[in-house]
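This report introduces a ligand site and the pocket that holds it. Please keep the sequence and the structure in view while reading.

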Amino acid sequence: MRARKLGRLFNDLPLRRKLILTFLTVVGLGGVLTLLIGTRIEQRTIMTLAEAKVGHDLASARMVYEERLNGIRDTVRLSAVREIIKEALRTGRVEAAAATLDFTRRAFGLDILNLTDSRGRIVIRSRRAGAPRGDDVSQDPYIRRALRGEVAAGTHIASREELAKEDPELAERARFRLIATPMAAPRPDDYEERGMMLMAAAPIVDQADALLGVLYGGLLFNRDYELVDRVKEIVFKGEKYKGHDIGTATLFLDDLRIATNVLDDAGQRAIGTRVSREVREAVLLRAETYIGRAFVVTAWHITAYGPLRDIEGRTVGMLYVGMLERPYVDLRNRVMGKFTVMAGLCALFLVGLLSFIARRITRPLGLMVEATDKIAAGDLDHNLELTGRDEIGHLAGAFNRMTENLRAARQDLTQWTKTLERRVEERTGELRKTQDQLIQSAKLASLGKMAAGVAHEINNPLTTILIQAHLQLERCTDGDPSKEALTLIAEETARCAQIVGGLLNFARQTPSRAEPSDINEIVDRALQLLEKQASVRNIRFVKQLDRTLPQIRIDRNKIQQVFSNLALNACEAMSAGGTLTVSSRWSRDGTCFELAFADTGTGIAPAHLAKIFDPFFSTKSFGTGLGLAVSYGIVRQRGGTMDVLSDFGRGATFTVRLPLEAPAENSEYREDMS
Ligand SMILES: Nc1ncnc2c1ncn2[C@@H]1O[C@H](COP(=O)(O)OP(=O)(O)O)[C@@H](O)[C@H]1O
Ligand SMILES: [Mg+2]
C-alpha cells in the first residue's frame, strides 16, 4: 500500500523533479555502493599490506633472534678452544679458568657459562663462586650432543632447580606470578618458574681429538629486555605514533609474556600477561605462524606470532612482533574521508549537471505546455521556437505544423461563416422580397375583386350620366349658361369613367396575348407618345438600347402600358425638366432582359418606398395611384420583377426584368388575379 502511495506521489511530481530524483537515487545508490565497496577494498588492501609488512617484520625479528643465538654459539665455541680451559680439565686446577670464564660470560652478556668434564659432570659454574659442582648434566640435550662432539645451539627451557643451581637470583628473576588475562586459555597453576634461554654447547678436545669436556653457555630471556628492544630498534627503528611505539616485540615462554616492550595501562612492560587462546592454539599447538589483527594488552595491533622450538623440535615459546593498528586505521579513515568528500563533491557536481540537463530536457516541454495552453485559449499565432533535431525538436515541428493547420482551418471557418452569413442575408432579403411580393399580390387580388365589383356597378350609371351630359350639350345653344356646367360634368364624368376603366383594367387582368415582339420597339413606341408633352416641359429622353436583343414572347399592349406608366411617372417627377434615360440589356446571368427607367426627378421619400406599388397610393393631387400597381401586376403576370432604386431629391430608377420564357398560363399569380 505504502509503495503504491509512494509511486503515485512520484507520478504526480513535475517531470524535472522526477528526472532529478531518479538521477539522484541512481547516483546516491551508486555512491553509497562505491563507498562501501571502496572501503572494503581499501581496508583489505591496507590490512593486507600491513599484514605482509608485519610478516616481514617477524622474519626480521627472527633473524635478530638467530643472530643472538649465533653470537652465543660463537662465544662458546671460541672459548672452548682456549688453552686455559683445556689445562683446567687436564690438571683439575680450575680457579684460573673459572675467572676467565666469568670474565668471558660478563663480556658477552651471558647469564651462565659452565664447564663439564668428559662425562658431563660440572667442573665450573662461572656465575657464582659457591655454586655446586660435580653434578651430572650429561642428560641435557645440548650437553649430550656436545659430548658426542657436536656444537649445539638453540632455545632451551630450564627448570627452576637448574636455574637455582646456577644462582637463586636467576631462579627468582625467572619466576612469574601470572596476571589474569581475559582471553587467555586457562592454566592449572598461577605462576611460572621455568626460564627460557638461548643455549649453546661446544665440545672441548685435545690435540689428539680426545674429548676433554664440554663448555656451555646460556642467556635467560625471563625479564631480559635486551633482545626485544633490539628487535624494536632494528625492525621498527623506534618509530612512534602519537606518543606510542608503533612496533613492539615480545618473547613468550609457552603463552606467557616473559620479555616485552608492550606497555600496560600503567606504562610498565606488560610481562606476566598471557596470549589469547586463539593465538596459543594456532602457534603453540599447531606450530603455525599467526598473522592478524589482535587486541594486545591495551590496543588493537596488527600482529605476527611465530613459534620458537627447542633443539628437539618441541614448540616451547613464541616470538611476537606487532604494529599499532591505529596509524593504519587513521590512514584508512583519512583516505576514506577524502574519498567521501570527493564523492560528495562529485555528487554535488552531478546534481548541478543533472539539474542543468533536466532543465534542458524539460524546458522545451514546459514551452510546449505553455503553447498548448495558449492554443487552447484560442491564440493560434503562437509559434514554438525549438530547432533541436531530437524527438522534442520533431515534436515542436509537428506542433507548429498543427498550429498552422489549425490557423488555416480557423481562417477557412471564419471565411465560411462570413459567406454563410452573407448567403443567409441574401436569402433573407430574397425571402422578404418574395414575401413583400406575395403581400402585394394578395392586396392586389382582394382590391382587384372589390374594385371590379364597384367599377362594374359604377360603370353603367356613369355611362348614363356621360350620355345624358353629351345629349344635353348637343341641345345647348351657344351662350347657354348651362353649357359650361354641362361641359364640366361631361369632362369629370369622362375622368371618372377613365378611373373606373383603369380600375376594371387593373381588376380584370385580362389574359395576355403573348406574341414574339421586339422589346426595344415597344420602348420606342411608349416614349413616342410622350415626346411632345416632354419637350414642352423641357425633359430630354435618352435611349441606351441594346438593339441586338432577340424577340421574346410578350403581350405587347400590356408591356407598352407598363413602359408608358414608368415614363409618365418620370416626367411627372421632373416638373422643372430633366433627363429620362431608358436602357435595355441582358441581365447579368443572361436569363432576362433588363429595362431601366432612370430619371433625374424628385426621387421617392424613404417613407414612401414601401407603398408606391400599393393601389391608390399617390402623392399627386391628380394621381389615381394605380399606375405602378397595374404595371407591377402586368410584369408579375409575365413572370418578371420590378424594382425601384431611389436617391431622394435626385432621381429614381425603376428596373423591369422580363425572363426570356413566359411562365405557364396556369401560374399561381394568375389564378389569384382572376
Ligand atoms: N419616377 C418617379 N419619381 C418620383 N416619384 C414617383 C415616380 N414614379 C412614381 N412615383 C411615386 O409613386 C406614386 C404612385 O405612382 P402611380 O402608381 O403611378 O400613381 P400616380 O402616378 O397616379 O400618383 C406617385 O404618386 C409618386 O409619388
Ligand atoms: Mg402614375
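## Residue classes and conventions

Ala, Val, Leu, Ile, Met, Phe, Trp, Tyr, Cys and Pro count as nonpolar, Asp, Glu, Lys and Arg as charged, and the others, Gly among them, as polar. On this basis, the shell around ligand 1 has 8 nonpolar, 9 polar and 3 charged residues.

The model is predicted: local features need pLDDT of at least 70 and side-chain atom pairs pLDDT 80 or more, while totals for chains, interfaces and linings use all residues. Residues are numbered from 1 along each chain as its sequence is written, chains are lettered from A and ligands numbered from 1 in written order, and side-chain values use heavy atoms, without hydrogens and water.

## Surroundings of ligand 1

Around ligand 1 there are 20 residues (a heavy atom within 4 Å), and Asn569, Ser618, Thr619, Lys620 and Leu628 come nearest. Helices are DSSP runs of H or I with at least four residues, numbered from the N terminus; H14 (556–573) and H16 (627–637) each give two or more residues to this shell, with 4 from H14, the largest share.

Polar contacts are pairs of N or O atoms within 3.5 Å. An oxygen atom of ligand 1 lies 2.3 Å from a side-chain N or O atom of Thr619, and an oxygen atom of the ligand is 2.5 Å from a polar side-chain atom of Ser618.

Note on methods. A polar contact is a pair of N or O atoms within 3.5 Å; within protein, one must be able to donate a hydrogen and the other to accept it, and residues adjacent in sequence count only if both atoms are side-chain atoms.
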